[in-house]
Every structure is written in structure tokens, then in C-alpha cells.
Amino acid sequence: MKILVCITHVPDTTTKIAFTDNNTKLNKAGVQFITGPYDDYALSRAIELKEAQGGTVTVLNVGEADTEPTIRKALAVGADDAIRINAEPTDAYFVAEQIANIARQNSYDLILMGRESIDFNGGQVHGIVGEMLGIPSVSPVMKLDIEGTTAKMAREIEGGKEYVEVSLPLVAGCQEPIAEWKIPNMRGIMSARTKPLQVIEPSSKETLTQVAEFQLPAPKGAVKMIPAENAEQLISLLKNEAKVI
């Protein structure tokens with residue numbers, strides 16, 4: 001089974017964000033980047049499937065040269081090889097187009113990625129890739145098993161879970177608890193240095209959206225401390241000032 005895992009290169013969740021170029025670009029100075037957490041789940045499940053059923057796992061990232069440490073970490077976890085599309089991931093359509101182009105060339109049985117990236121939280125790429133390839137796309141997938149050419153999944157829906165079966169090939173957007181994150185060991189880190197990492201120029205440069213401006217959330221207001229014995233004042237503030245009751 002050939003599995004393609006698409007990963008993102010995103011700021012750490014504790015990073016303090018700032019912008020440049022009239023608030024249209026992220027200021028990367030001093031920012032620690034990581035693999036998208038949902039992508040980590042997708043990669044971990046792909047490695048588990050490979051270990052149980054055989055096959056190969058290829059990691060794909062759309063990004064510039066600074067994303068290669070993130071890609072090497074995925075190789076250290078257990079992916080066999082990697083592809084980097086040498087371009088800035090400008091919008092969901094552009095990223096999906098690059099993924100679909102690689103998928104057409106290599107005929108993967110399973111394309112896994114996170115349910116969304118944690119920088120833009122769009123949750124669009126898996127659906128667009130599925131449409132471009134004419135294959136099913138399911139998200140968010142919490143459980144994934146492969147039996148022959150059939151994928152059996154549990155996905156989260158409002159108020160519960162839905163169990164579905166889909167014939168391969170398939171695109172799946174993953175989330176916890178589909179697998180447990182895998183931490184690379186020393187052997188994996190050493191072997192990752194020699195695993196193939198192919199750099200490919202983008203198939204096109206078309207984007208459908210442009211950033212007008214990024215805005216930071218409004219700063220938190222001052223905290224008011226109310227003595228425990230003064231419940232009436234607390235209720236009044238919650239009702240008349242905060243307007244939450």
C-alpha cells in the first residue's frame with residue numbers, strides 16, 4: 001500500500017505572533033516552527049498501517065527551504081521518503097493543486113493529512129484534493145482501519161460519531177484519537193539524514209485568494225476581583241457589564 005502524508009510547517013502554539021509588510025505577512029523572526037499537530041496524527045497512523053500491512057509512506061510538504069527540518073523530523077518518525085514542493089503555501093487551492101498533481105503521478109492508495117492546519121484553520125485542503133482527483137474525501141477521521149481495498153472509519157459529527165466504509169483510494173483529514181504521536185528515536189534521526197527528499201517546482205502558481213490584512217485579537221481587559229462574600233456585586237457585574245447572564 002502506498003500512503004501519502006501531507007504535513008504543514010506551522011508556528012508553535014505558544015508563539016507570540018507579529019506581522020510585517022502592512023500586516024499582510026507573518027513575521028518569522030524568532031518563531032519556532034513545528035509539524036501541524038493534526039498532521040502528526042495522520043503521520044503516526046500511516047506508520048502504524050505500514051508496520052501492520054507493509055507498503056511505503058511518503059511525506060509531502062508545500063513550502064520553501066526553511067521547512068526541511070520539519071520534513072526530516074517526519075522521516076525520523078518513520079516515513080520512507082519525502083517530497084517538498086518549492087513554493088510558499090499561499091492558499092488552500094494552491095496547496096491542494098500541488099498535492100493532487102503529485103498524487104496523479106504516483107497513484108497513492110491513501111492520502112492522509114490533518115483535519116486542518118493550526119495557522120489558518122481552514123480545513124479545506126482535503127476536500128479540494130478529493131474533488132480534483134475524483135475520489136472520496138472524509139474528515140474529521142478519528143479512527144481508520146484498512147481491510148483489503150476498503151477503509152473503515154469513524155468520523156466526528158455534531159452530537160456524536162458516524163461510521164463509514166469507503167473504497168480506496170481515499171483522502172482523509174485526521175484528528176485525535178486516530179493514533180498516538182510518535183517521537184523519533186536516535187536511530188530514526190540518524191537514518192532520516194540519508195532518506196530521499198525530492199524538491200519539485202510547483203505545477204502552477206495560480207492562487208485564488210490574497211491577504212488584505214491580518215489582525216491580532218483585542219487585548220484582554222483588566223480583571224476585577226470580587227470578594228467571595230459579595231455575590232450580589234458579582235451577579236450585577238456579570239449581568240449588566242459583562243452581559244453574560
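**Exercise 1. How much space lies in the largest pocket, and what lines it?**

Solution. The model is predicted.
- Step 1: take the volume. The largest pocket holds about 1400 Å³ of space.
- Step 2: list the lining. It has 50 residues. Nearest the pocket centre lie P89, T90, S117, D119 and F120.
- Step 3: assign elements. Those giving two or more residues to this lining are the strands β2 (9-11), β4 (25-26), β6 (56-63) and β8 (110-114), with the helices α3 (92-106) and α4 (125-133).
- Step 4: sort by class. The pocket lining splits into 22 nonpolar, 17 polar and 11 charged residues.

**Exercise 2. How many cavities of 30 Å³ or more does a search of the whole structure find, and which residues line the largest cavity?**

Solution.
- Step 1: count. The search returns 1 cavity of 30 Å³ or more.
- Step 2: take its volume. The largest cavity contains about 30 Å³ of space.
- Step 3: list the lining. I7, T35, D40, L43, K73, A74 and V77 line this cavity.
- Step 4: assign elements. Two or more lining residues come from each of α1 (37-53) and α2 (68-77). The largest share, 3 residues, belongs to α2.
- Step 5: sort by class. The cavity lining has 4 nonpolar residues, 1 polar residue and 2 charged residues.

**Exercise 3. How many disulfides does the structure hold, and why is C6 not bonded to C174?**

Solution.
- Step 1: count. The structure holds 0 disulfides.
- Step 2: recall the bond. A disulfide joins the sulfur atoms of two cysteines covalently.
- Step 3: fix the cut-off. The two sulfur atoms must be within 2.5 Å.
- Step 4: apply it to C6. The closest cysteine sulfur to that of C6 is in C174, at 10 Å, so the pair is too far apart for a bond.
- Step 5: check from the other side. For C174, the nearest cysteine sulfur is that of C6, again 10 Å away, and C174 is in no disulfide.
- Step 6: add accessibility. Buried means under 20% relative accessible area. C6 has 6%, so C6 counts as buried. C174 has 0% and is buried.

**Exercise 4. Where is I17 found, and which residues does I17 touch?**

Solution.
- Step 1: locate the residue. I17 sits in the loop between β2 and β3 (19-20).
- Step 2: classify exposure. The relative accessible area of I17 is 31%, so I17 is partly exposed.
- Step 3: find contacts. Leaving out residues up to four places away in sequence, I17 touches P11, L26 and L216.
- Step 4: compute a distance. I17 and V77 are 60 residues apart along the chain, and their C-alpha atoms are separated by 28 Å. V77 also lines the largest cavity.

Terms used:
Residues are numbered from 1 along each chain as its sequence is written. This is a predicted model: local features need pLDDT of at least 70, side-chain atom pairs count only at pLDDT 80 or more; totals for chains, interfaces and linings use all residues. Side-chain values use heavy atoms; hydrogens and water are left out. Buried means under 20% relative accessible area, exposed over 50%, partly exposed in between (1.4 Å probe, protein chains only). On a 1 Å grid over the protein atoms alone, a cavity is a set of points where a 1.4 Å probe fits but cannot get out, and a pocket is an open set with protein on both sides within 12 Å along at least five of seven lines; lining residues have an atom within 4 Å of a point. Grid points are joined across faces, edges and corners, and a volume is the space filled by probe spheres set on the points. Helices (H or I, at least four residues) and strands (E, at least two) are DSSP runs, numbered from the N terminus. Ala, Val, Leu, Ile, Met, Phe, Trp, Tyr, Cys and Pro count as nonpolar, Asp, Glu, Lys and Arg as charged, and the others, Gly among them, as polar. Contact means heavy atoms within 4.5 Å.
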